[in-house]
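Please look over the structure shown here. The report below takes up a metal site and a sheet.

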Amino acid sequence: IALGGTRMPIQFSTARRAPARAEVVAHGLTTEVLAGDGPLPAGLDRGDLGRLGFTAKVEQVQVVPAEGRLVVAVGLGPADGVDPDGLRRASACLARAVRGRRSLALDLASVTDAVPRPEAARAVVEGTALALYRFGYKSTKDEDRLSRVTLVGSTAAGVRTAVEQATAVVEGVKLARDLVNEPGGSLTPPKFANRVRRMARDRGLTVKVLDEAAIKRARLGGLLGVSRGSTQPPRFVELTWTPKGRPKGTIALVGKGLTFDSGGLSIKSGVGMMDMKMDMGGAAAVVGAMSVLPVLAPRCRVRAYLPMTDNMLGGDATRPGDVLTIRNGKTIEVLNTDAEGRLVLADALSMASEAKPDAIVDLATLTGACMVALGPRIAGLMGRDDGFLAQVEGASARTGERVWRLPLPADYRRMVDSPVADMKNIGGPHGGAITAGLILGEFVADGIPWAHLDIAGPAFADGDDCEVTRGGTGFGVRLLVDLACSFTPGG
Ligand code: BES
Ligand code: ZN
Ligand code: ZN
């Protein structure tokens with residue numbers, strides 16, 4: 001059904017030199033190379049580039065026609081500032097500029113030694129493939145042709161492996177984007193669960209789907225409370241990646257899977273509801289990451305817990321003032337039905353805790369407050385256990401998916417005190433990302449290292465921006481895959 005899901009993936013390969021038949025040949029130029037007096041790659045002329053206003057800034061791309069093909073100058077900025085982020089952005093801009101051509105040979109990184117070749121290759125594959133992602137139900141065909149990309153320079157085994165792994169990760173990101181972009185009316189909780197089950201069977205992951213009756217038997221009171229206003233039944237999906245040999249620890253991934261968030265009886269405004277098909281961006285990122293694990297085969301075990309429901313306002317919807325009992329026995333007074341993510345995550349974190357993993361990470365499009373604090377491209381990172389949070393920050397730094405720490409101060413806990421239940425589901429007018437994090441922390445068993453990523457901002461984009469395309473971004477897939485591959489229990 002989804003355009004984004006049916007397009008053939010771009011084929012990436014490595015070569016010493018550009019294939020003669022490549023329709024486009026692109027060269028990375030640093031400001032030093034452009035300003036120097038050494039020879040430029042064939043087809044590029046310093047005088048012409050200067051007259052065209054090309055200064056080799058990152059995101060600057062200049063296309064020049066030459067001998068039956070196109071030659072492209074790609075700005076990389078100052079040599080000492082070249083990093084994987086810049087290469088990812090540069091290749092994304094390049095890909096957008098030449099998306100109508102079939103084949104591209106590019107040599108972005110060999111003008112500098114600032115980035116190891118495998119890392120450079122990974123960034124280039126991500127930038128190129130993710131920038132050209134599309135999703136839509138338009139009846140007219142798009143004009144994209146690019147199907148073969150050759151990375152020119154090193155063909156070393158490390159580079160080839162990096163290309164293969166990055167290609168797999170990109171497919172995971174695209175899966176997450178497809179899931180987020182699918183409208184709430186077509187990706188209902190049962191359909192979401194079925195799609196995840198199909199993916200899991202294809203990839204050889206273990207999958208278990210709880211239907212409504214099983215969710216009742218499991219006493220997932222938060223998930224049931226949220227789903228009560230909907231004609232669609234909820235689902236709770238568990239996925240497991242089991243490595244060969246003795247696992248190097250277990251990590252649990254939890255993702256908020258609200259297929260649509262109307263706010264419930266505490267209904268959102270029309271504008272506030274417009275993009276709320278994206279409220280399963282946390283679950284989508286977890287699914288995308290899980291889909292990649294059989295390819296990268298990390299040595300730790302990874303378990304995923306995905307509560308799926310929509311938040312509607314049917315005649316029997318949860319009413320403000322209702323009290324829900326979560327799986328672990330704690331009670332929550334629901335004063336605002338739009339603060340529903342924490343209710344379903346409470347059950348999922350309790351479930352995850354029962355299996356006693358070495359660490360838990362949850363991803364959730366949880367609060368508008370976090371978007372206010374950190375803007376559209378940076379996730380809020382909260383949790384317990386500095387060592388584990390540092391591992392998450394490491395994965396963030398290596399993948400370019402940015403996070404920023406927010407505190408979980410113990411004295412703020414009283415902001416969610418309730419006169420009738422263990423807690424209420426909203427805090428005061430201020431610190432909304434933090435009070436949400438504090439509520440989640442009540443459902444993570446003591447002693448388990450835990451990281452909470454509030455991805456309300458970065459899960460969805462208003463427009464294209466380098467490797468990010470409008471709509472679902474797949475934020476979190478790269479970070480989670482890196483974290484699974486680098487995870488050290490107790491580290
Ligand atoms: N899904 C929303 C958070 C959200 C808002 C994500 C905007 C992405 C963009 C969440 O369920 C919600 O509505 N949170 C409320 C909580 C409040 C009622 C305490 C919010 O942030 O306004
Ligand atoms: Zn909500
Ligand atoms: Zn929500």
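What follows describes a predicted model, beginning with the metal site and ending with the sheet.

## Zinc site

The zinc ion (ligand 3) takes its protein donors from K256 (NZ), D261 (OD), D279 (OD) and E340 (OE), at 1.9 to 2.4 Å. Along the sequence these donor residues follow the spacing K-x4-D-x17-D-x60-E.

The site of the zinc ion (ligand 3) is octahedral, and the angles among its six donor atoms run from 77 to 173°. For six octahedral donors the ideal angles are 90 or 180 degrees.

## Bridge to a second zinc ion

D261 also serves as a bridge between the zinc ion (ligand 3) and the zinc ion (ligand 2). The two ions are 3.2 Å apart. D261 belongs to strand 10 (residues 257-261), while E340 sits in the loop between strand 13 (331-333) and helix 12 (341-354), so this pair ties together parts that are 79 residues apart in sequence.

Are D261 and E340 buried or exposed? Both residues are buried.

## Three-stranded sheet

Strand 13, which precedes the loop holding E340, is also part of an open sheet of three strands. The strand order is 12-13-17, with mixed pairing. Strand 12 (323-325) and strand 17 (423-424) are the edge strands; each has a single partner strand, so one side of each is left without a neighbour in the sheet.

Two bridges link strand 13 and strand 17, which pair in the parallel sense. I332 stands opposite M423 of strand 17.

Methods: Residues are numbered from 1 along each chain as its sequence is written. Chains are lettered from A and ligands numbered from 1 in the order in which they are written. This is a predicted model: local features need pLDDT of at least 70, side-chain atom pairs count only at pLDDT 80 or more; totals for chains, interfaces and linings use all residues. Side-chain values use heavy atoms; hydrogens and water are left out. Donors are N, O and S atoms within 2.8 Å of the metal (3.2 Å for Na, K and Ca); water is not among the atoms, so sites may look incomplete. Four donors count as tetrahedral if all angles lie between 85 and 135 degrees; four count as square planar and six as octahedral if opposite donors are over 155 degrees apart and all others between 65 and 115; anything else is irregular. Helices (H or I, at least four residues) and strands (E, at least two) are DSSP runs, numbered from the N terminus. Buried means under 20% relative accessible area, exposed over 50%, partly exposed in between (1.4 Å probe, protein chains only). Two strands pair if DSSP finds at least two bridges between them.
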